[in-house]
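Here's a quick look at a protein with a ligand in it. We'll start with charge pairs, then move over to the ligand and what surrounds it.

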Amino acid sequence: MPDFDALREEFITAVTNAADSRELEFLRIEALGKKGKVTELMKGLGTMDPDERKSVGLSLNSIKSDITTAIEKRKIALAKGELQTRLLEEKVDVTLPIRPEQTGRIHPISQTIDEVVAILGEMGLQVVEGPDIEDDWHNFTALNIPPDHPARQEHDTFYLPGEADSERMVLRTHTSPVQIRTMQHGTPPFRIIAPGRTYRCDYDATHSPMFHQVEGLVIDQGTHMGHLKGCLIEFCRAFFDVDNLPVRFRPSYFPFTEPSAEVDIGCTREGGQFRIGHGEEWLEILGCGMVNPKVLENCGIASSEYQGFAFGMGIERLAMLKYGIPDLRTFYETDLRWLKHYGFSALDVPSLVGGLNR
Ligand code: PHE
């Protein structure tokens, strides 16, 4: 007959001193596993006579349950200890400075478009879009620039292969074809702005073959030159955030507007310092005019009933002036250092900048 008390003692001591969960599992198998010491003894019960089986059975069962309880107890103690060490080892020092993370920047072109849209949107103009690849008719003819018109030469157009007719495709040279599409497919009144990419075959410090414009169009029954002036003066002052910014309408020519004007704002270049809103000099920033009745008729709008104004401006030029960016080509060089310097935080919600009712 084995010494049951010694057996119990041996396992309970070992279990209580087990250093980790692996050792504990090893002891469990050694005692209670398929070939464990206690299990082997239990297998012998079958050959015993009933009295002996009863007393040995009782002892073995109580040993088994004591060892099981001891294992459970040790398991909990070990888990607690392991958590404690992890808590000590993995301590977080909340006083450490944060790691510098790279944050994205809003490109000055996007920022400027957002600003222009915010200001003109507040005046009730709605954003519309048109295709970058246009047909000759929408880009030129409908805008009163027929094939032999000298204004075509000024546009340095990228033509797609094809016959020189009204269906020949071009990369739009301005956003004005969006006016045409809007008027062709809708019914007046119209109050729209069309920001987007435009293309001309030109490349230097102030020109890029791809650039951006914003077009504006307002057509209604009573719209007149006073509305055009009010809208654009207020726009310039809000965009450049200068109260009483001097704004001048200088007579000009565009085939699609009559009369036409170019808008200049007051500035100074004294001592190498360029400042908007002060001084004696003028700087051209956009083109505008009353929509030529021929253009309205080309789009099926009765010019005896409706009239209005249109304007167009270069986004890069606005951004360069407002944010002091000297070379237009740098907008497209995708230089991260440039973007970090000239870009904007994504957390700055596009605003009315100077505001409309200052
Ligand atoms: N489309 C003209 C340009 O690209 C700008 C413009 C638009 C002028 C609308 C007058 C009216 O130069």
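## Salt bridges

Searching the whole structure, which is a predicted model, turns up 17 salt bridges. Side chains of opposite charge can pair when their charged atoms come close.

Take Lys75 and Glu72: their side chains form a salt bridge, with 3.8 Å from N to O. Where do Lys75 and Glu72 lie? Both are in helix H4 (residues 50–89), and they are three residues apart, or about one turn of the helix.

## Where the ligand sits

On to the ligand, which sits in the largest pocket. Three elements each give two or more residues to the shell around the ligand: strand S6 (210–220), strand S10 (281–291) and strand S11 (307–314). Of these, S11 gives the most, with three residues.

What's the make-up of that shell, in terms of nonpolar, polar and charged residues? It splits into five nonpolar, six polar and two charged residues.

## Close contacts

There are 13 residues around the ligand, and the ones that come nearest are His174, Ser176, Arg200, Gln213 and Glu215.

Some of the polar pairs are worth pulling up in your viewer. Ser176 has a polar side-chain atom 3.0 Å from a ligand nitrogen. For Arg200, a polar side-chain atom is 3.0 Å from an oxygen atom of the ligand. Gln213 has an N or O atom in its side chain that lies 3.0 Å from a ligand oxygen. As for burial, the ligand has 320 Å² of accessible area on its own, and the protein covers 90% of that.

Conventions:
Residues numbered from 1 in each chain as written. Predicted model: local features only at pLDDT ≥ 70, side-chain atom pairs only at ≥ 80, totals over all residues. Heavy atoms only, no water. Near = heavy atom within 4 Å. Polar contact = N/O pair within 3.5 Å; in protein donor to acceptor, adjacent residues only side chain to side chain. Areas by Shrake-Rupley, 256 points an atom, 1.4 Å probe, with all protein chains shown as cover. 1 Å grid on protein atoms, 1.4 Å probe; cavity = no way out; pocket = protein on both sides within 12 Å on 5 of 7 lines; lining within 4 Å. Sits in = over half its atoms within 2 Å of the grid points. Helix = DSSP H or I, 4+ residues; strand = E, 2+ residues; numbered from the N terminus. Nonpolar A, V, L, I, M, F, W, Y, C, P; charged D, E, K, R; others polar. Salt bridge = Lys/Arg side-chain N within 4 Å of Asp/Glu carboxyl O.
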